[in-house]
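Thanks for coming, everyone. I'll take you through one protein today, piece by piece. Please have the picture open as I talk.

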Amino acid sequence: MKQVALIGLGMVAATHVQAIQASGAVTLRGVLSRDADRARAFLEQQDVAARVYGDLAALAGDPALDFVIVATPPDARLEIVQALVATGKPILLEKPIERTAEAAAQIVGLCRDMPLGIVFQHRKRPAAMQLMDLVDRGALGALAAIEIAVPWWRPQSYYDVPGRGTYARDGGGVLLTQAIHTMELALRLTGPVARVQAMARTTALHTMEAEDFVVAGLEFASGAVGSLTASTASFPGGAERIALHGAQGSAILDAASLSLHWQDGRSEIVGQAADTGGGADPMAFTADWHRGIIEDFAACLETGRDPCVTGVEALHVHRLIDAIQVASREKRFVEVGDG
């Protein structure tokens with residue numbers, strides 16, 4: 001049984017605790033927050049027995065810890081990662097890695113000699129895993145067209161929280177905070193994007209610094225073409241969608257449901273609809289997918305294999321997001337860097 005600590009008690013912290021409690025592979029040893037009283041209240045609310053670390057040094061120096069989940073806002077990562085690296089603590093990091101691709105690459109570089117996993121829990125949806133297997137086996141044939149859509153909604157109260165939707169704390173809006181999950185999964189299925197053109201804007205539905213609406217045209221390294229739409233202005237919010245159109249058939253991943261349509265006339269549906277946090281309640285989704293990521297990371301520490309999503313692999317979506325923002329600002333095609 002691996003012992004884990006959780007740093008950061010924001011919106012997603014309860015999901016991590018629920019995932020840990022449901023797991024037979026890990027147990028929560030302790031938590032760390034800027035406010036110790038808040039941390040104690042959090043543990044009481046979650047009805048879990050764990051310690052409250054007095055500071056980062058105490059957590060990083062705890063010899064009983066097997067790994068640490070870092071779930072702070074992205075602007076608070078560097079000092080934490082440096083302290084954990086110094087004591088050799090493996091890190092499972094909530095997305096995004098940092099606010100820009102450059103800063104994210106710095107974090108990944110710091111962890112080059114130790115295990116670093118990134119929490120992209122959409123990888124652990126059963127329908128997504130089946131689609132990854134189909135793509136890996138070449139069942140759809142060569143991909144020709146890809147459609148990625150994240151039609152989500154957030155009320156203004158969501159952005160009224162200090163720092164949310166700002167470049168200083170979050171690094172951006174809908175792309176880096178919401179759509180990054182679907183975009184990362186799409187890249188796992190399609191391979192890298194070579195260049196983009198885009199428009200990122202803030203609609204009249206929100207008062208916020210960063211973007212809440214994005215449309216982009218994508219040219220993939222494989223030669224396929226695609227589109228991306230991402231929004232938190234799509235009331236009342238719908239399920240995210242990835243559609244892959246290949247020479248042998250099409251696959252449509254609609255949140256947790258997968259529809260397959262083959263060129264020979266066969267059709268099948270795998271999985272079923274599920275809440276994904278696309279509406280006013282951003283936490284309206286199961287903790288099972290986080291549990292899958294956490295258990296995978298615990299297992300990788302035993303076997304020495306790579307975690308489900310490595311830091312290096314996660315840099316691909318960070319570089320795509322940076323390229324989309326540049327393409328929007330400069331109104332031109334932008335090449336997606338490979339680091």
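One definition to start: two strands count as a pair if DSSP finds at least two bridges between them. Keep in mind as well that this is a predicted model.

Now the sheets. Strands of a sheet pair through backbone hydrogen bonds, either parallel or antiparallel.

Take the sheet with mixed pairing. This open sheet has 9 strands, in the order β14-β13-β12-β11-β7-β10-β9-β8-β15. Which strands stand at its edges? They are β14, residues 267–271, and β15. Each has a single partner strand, so one side of each is left without a neighbour in the sheet.

Let's walk along β8, residues 193–201. How many bridges join β8 to β9? There are 8, and the two strands run antiparallel. Strand β9 covers residues 213–220. Here are two pairs to find on your screen. Arginine 195 stands opposite glutamate 219 in β9. Methionine 199 has valine 215 as its bridge partner in β9.

Strand β8 also pairs with β15. That pairing is antiparallel too, over 2 bridges. Look for valine 196, which stands opposite valine 334 in β15.

Next, the parallel sheet. Here 6 strands form an open sheet, and the order is β3-β2-β1-β4-β5-β6. At the edges stand β3 and β6, the latter being residues 116–119. Each has a single partner strand, so one side of each lacks a neighbour in the sheet.

Zoom in on β1 and β2. Strand β1 is residues 2–7, and strand β2 is residues 26–32. They pair in the parallel sense over 6 bridges. Leucine 6 is a good landmark: valine 31 in β2 stands opposite leucine 6.

On to the loops. Two of them hold a cis peptide bond. In the loop between β5, residues 91–94, and α5, residues 101–110, you find proline 96. The bond from lysine 95 to proline 96 is cis, with omega near -15 degrees.

The other case is proline 236. The peptide bond from phenylalanine 235 to proline 236 is cis, and omega is near 5 degrees. Proline 236 lies in the loop between β10, residues 225–231, and β11, residues 241–246.

Stay in that loop for a moment. Glutamate 240 lies between β10 and β11 as well. Is glutamate 240 buried or exposed? Its relative accessible area is 3%, so glutamate 240 is buried, given that buried means under 20%. What does its side chain touch? A polar contact of 2.8 Å joins the side chains of glutamate 240 and arginine 125. Another, of 3.1 Å, joins the side chains of glutamate 240 and tryptophan 152.

Now backbone angles. Aspartate 47 is not a glycine, yet its phi is positive, about 55 degrees. Aspartate 47 sits in the loop between α2, residues 36–46, and β3, residues 51–52. Its relative accessibility is 68%, so aspartate 47 counts as exposed.

Lysine 331 also has a positive phi, near 55 degrees, and is a residue other than glycine. Where is lysine 331? Look in the loop between α10, residues 311–330, and β15, residues 334–335. Lysine 331 counts as exposed because its relative accessibility is 68%.

Helix α10 brings us to a pocket. The second largest pocket has a volume of about 230 Å³. There are 15 residues in its lining, and the closest to its centre are Leu187, Gly191, Pro192, Val193 and His316. Two elements, α8, residues 174–190, and α10, give two or more residues to this lining. Which element gives the most? That is α10, with 5 residues. By type, the lining holds 6 nonpolar, 3 polar and 6 charged residues.

Last topic: cysteines. A disulfide needs two cysteine sulfur atoms within 2.5 Å. By that rule, the count is 0. Take cysteine 111. Its nearest cysteine sulfur belongs to cysteine 300, 13 Å away, and cysteine 111 is in no disulfide. Cysteine 111 counts as buried, at 4% relative accessibility. Why is cysteine 308 without a bond to cysteine 300? Their sulfurs are 10 Å apart, and that is too far for a bond.

That's the tour. Over to you for questions.

Technical notes: Residues numbered from 1 in each chain as written. Predicted model: local features only at pLDDT ≥ 70, side-chain atom pairs only at ≥ 80, totals over all residues. Heavy atoms only, no water. Helix = DSSP H or I, 4+ residues; strand = E, 2+ residues; numbered from the N terminus. Buried < 20%, exposed > 50% of the residue type's maximum accessible area, 1.4 Å probe, protein only. Polar contact = N/O pair within 3.5 Å; in protein donor to acceptor, adjacent residues only side chain to side chain. 1 Å grid on protein atoms, 1.4 Å probe; cavity = no way out; pocket = protein on both sides within 12 Å on 5 of 7 lines; lining within 4 Å. Points joined across faces, edges and corners; volume = space filled by probe spheres on them. Nonpolar A, V, L, I, M, F, W, Y, C, P; charged D, E, K, R; others polar.
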